[in-house]
Amino acid sequence: NDGRCSPIGGNGACGRDCNGGACGQTGGEKAPAPVAQPQAQASSTGAPVTPSAQEEKAVASGLDAGADRATDAAGRAKEAGTAKYKQGAYREALVEYQRALELLPPEDTGRRGALLGNIAAACLMLRRVDECIASCESALALDSANHKIRQRLATAHVAKGDFAAARLALEAPGVDKAALATAWSLVCESEQALAAVDAMVSNGEPAKALAALADLETKALFACPAVALKMARCYLELKQYPRVLNATQSVLRENPRNIDALVLRTEALYRNNDAGVETAQWTDPLEQGQRLLKEALSFDPDHAAAQALRKRLRSLCAKHGELKAARDNREFQKATELLDSMLELCQDNPMMIAALYCERARCGVRLKEWPRVLKDVGQATYRNSSLVQPYLLRAQAFQ
């Protein structure tokens, strides 16, 4: 009543200076009760909201359902891969197995180990040996007692010709040796077969050794560079030089630093030189071989076979240049002496010896040494009956 609103009694329930109800509220009226704010607005001030037990259960159920769906998809992919594997479609099977592995959670070690074994099997059938070995090792890291994976790992090592690694894979502690009997038999039989092949080559039976190697490559050692090089050596002895070049090229494609392949390839070029000694092309394969041997010696400067062969090829090329100069100067006696020294350098090359005897017969015609001409053309045709020039020189000598 004194002109100020008061929270107690009479007028001014609003608490404002209304001077007797100027605010529009009369003395007997009460102020409206404050409206409670919704919970969502109250939480906007920053106070954390604790989820209910029902909400937590719903979230967990959603996560479990997602994991189950991923697991089901992995199972379907594995079944699809197995179906492809049984059909012989190993590449498609490998794709399905890899997809199944990606869908599995990391903690599902049991199924992951089985899938890694499936991947290794598909890789082995595709002859992707290194990938097979990597998958087997990953599977064994999850289950070291799995004898099937150990057998597969040993088979992959045998395919590469690494018998020591194959034995190491089979000699793990805690593994049933009886379950690995097949793999042990494969290792022992493959080693014995390779030893028998070496004996055949030493006894001068390259054709027999080649057949044994082909059978061994088909059955077990299908990714072994040593077997490929042994086959190339047999081809060299059988004078199938293009096959030597193909075999060594496949080895060098996998390992450009394989010195034995470089040396063997050089020998094939050297022995397959069918150009006439009187031509400039006679030195082309010899120079190409020198480049290959130089590369081999850059990897191993002390390689004895590469050193000896390169020295011989360089000497032949140098003497060929001297021979050309002697012929051009009509120094046929000197040319004959150079040919004699060249013949001593290539006693292991019948084709080249035949060409050198033919050239020496040509020098004999110039020197009119007819008995020697007849003897030289006989040596040339004995080693290479496809040459034409020796027969013409023989006819000239008879005249």
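How are H14 and H15 oriented to each other, roughly parallel or roughly antiparallel? H14 and H15 are roughly antiparallel (an angle over 145 degrees; under 35 would be roughly parallel). This is a predicted model, in which local features need pLDDT of at least 70, side-chain atom pairs count only at pLDDT 80 or more, and totals for chains, interfaces and linings use all residues. Residues are numbered from 1 along each chain as its sequence is written, and side-chain values use heavy atoms, without hydrogens and water.

**Helices H14 and H15**

- Helix H14 covers residues 304-328 and helix H15 residues 332-345 (helices are DSSP runs of H or I, at least four residues, numbered from the N terminus).
- Their axes, lines fitted to C-alpha atoms over the stretch in contact, are 9 Å apart at an angle of about 165 degrees (on a scale from 0 to 180 degrees between N-to-C directions).
- Residues making the contact (heavy atoms within 4.5 Å) include Leu 316 and Leu 323 of H14 and Phe 332 and Leu 338 of H15.

**Gly 81**

- Gly 81 lies in helix H2, residues 53-86.
- Gly 81 is buried (under 20% relative accessible area, with a 1.4 Å probe and protein chains only), at 0%.
- Beyond its neighbours within four places in sequence, Gly 81 is in contact with Ala 93, Glu 96 and Tyr 97.

**Cysteines**

- The count of disulfides (pairs of cysteine sulfur atoms within 2.5 Å) is zero.
- For Cys 123, the closest cysteine sulfur is that of Cys 132, at 6.4 Å, which is too far for a bond.
- Cys 123 is buried at 1% relative accessibility, and Cys 234 is buried with a relative accessible area of 1%.

Key. Buried < 20%, exposed > 50% of the residue type's maximum accessible area, 1.4 Å probe, protein only. Helix = DSSP H or I, 4+ residues; strand = E, 2+ residues; numbered from the N terminus. Parallel < 35°, antiparallel > 145°, perpendicular 65-115°, else oblique.
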